[in-house]
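Q: Can we walk through this model feature by feature? Please give the general idea, then the case at hand.

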Amino acid sequence: NNTYKKFMLSIIKQQNNYFNSDNKELNPMVLKDIAEDINMDISTISRVTNGKYVQMPWGTKELKTFFSEGIKMKNGKIVSNYEVKKQIVKIIESENKKSPFNDDLLTKKINEMGYLIARRTIAKYRESLNIPIARLRK
């Protein structure tokens with residue numbers, strides 16, 4: 001219980017923008033960040049997050065979702081890859097279903113928004129979101 005308490009207090013401290021704002025924006029964070037903050041081994045932190053959930057006033061969330069890669073933007077700011085995934089979903093929801101965007105066009109649109117990201121990464125994120133390729137979205 002003490003480990004969970006230390007762990008959650010560290011997450012709240014690291015993800016202040018998520019817990020204390022209305023837009024629920026996650027900062028890039030890896031297991032190592034929490035492990036160093038609470039002086040525990042990364043394997044312990046990994047076990048703490050594996051298959052565990054936290055209940056908040058606005059919903060239940062898996063602990064692993066607080067950890068994400070950082071994506072650099074053109075202005076130098078680093079944002080969570082969850083932000084990029086949200087943008088991919090928005091773009092695909094607004095596309096013409098008769099002529100859906102392929103990964104190259106998705107990459108171009110994401111890069112125009114200011115994110116520095118490769119086509120392969122867009123394809124990886126699209127697949128992780130269970131969104132089929134353009135040909136299958138027609």
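**Reading the model**

A: α5 and α7 are roughly perpendicular to each other (angles of 65 to 115 degrees count as such, under 35 as roughly parallel, over 145 as roughly antiparallel, the rest as oblique). This is a predicted model: local features need pLDDT of at least 70, side-chain atom pairs count only at pLDDT 80 or more, and totals for chains, interfaces and linings use all residues. Residues are numbered from 1 along each chain as its sequence is written, and side-chain values use heavy atoms, with hydrogens and water left out.

Q: At what angle do α5 and α7 pack, and how far apart are their axes?

A: Axes are lines fitted to C-alpha atoms, for helices over the stretch in contact; angles run from 0 to 180 degrees between N-to-C directions. Helix α5 (residues 81–94) and helix α7 (residues 119–128) pack at about 75°, with axes 10 Å apart.

Q: Which residues of α5 and α7 meet?

A: Contact means heavy atoms within 4.5 Å. From α5 come N81, V84, K85 and I88; from α7, I122, Y125 and S128. By class, this contact has 4 nonpolar, 2 polar and 1 charged residues. Ala, Val, Leu, Ile, Met, Phe, Trp, Tyr, Cys and Pro count as nonpolar, Asp, Glu, Lys and Arg as charged, and the others, Gly among them, as polar.

Q: How are the helices and strands arranged along the sequence?

A: Helices (H or I, at least four residues) and strands (E, at least two) are DSSP runs, numbered from the N terminus. The chain has 8 helices and 4 strands. Their pattern is α-α-α-α-β-β-β-β-α-α-α-α.

Q: Which residues form the covered face of β1?

A: In a regular strand the side chains alternate between the two faces of the sheet. In β1 (residues 53–56), V54 and M56 form the covered face, while Y53 and Q55 form the uncovered one.

Q: In what sense do β1 and β2 pair?

A: Two strands pair if DSSP finds at least two bridges between them. β1 and β2 (residues 59–62) pair in the antiparallel sense over 4 bridges. M56 stands opposite G59 in β2. A hairpin of 2 residues joins β1 to β2.

Q: Is Q15 buried or exposed?

A: Buried means under 20% relative accessible area, exposed over 50%, partly exposed in between (1.4 Å probe, protein chains only). Q15 has a relative accessible area of 0%, so Q15 is buried. Q15 is found in the loop between α1 (2–14) and α2 (16–19). Leaving out residues up to four places away in sequence, Q15 touches L26, N27, M29 and F66.
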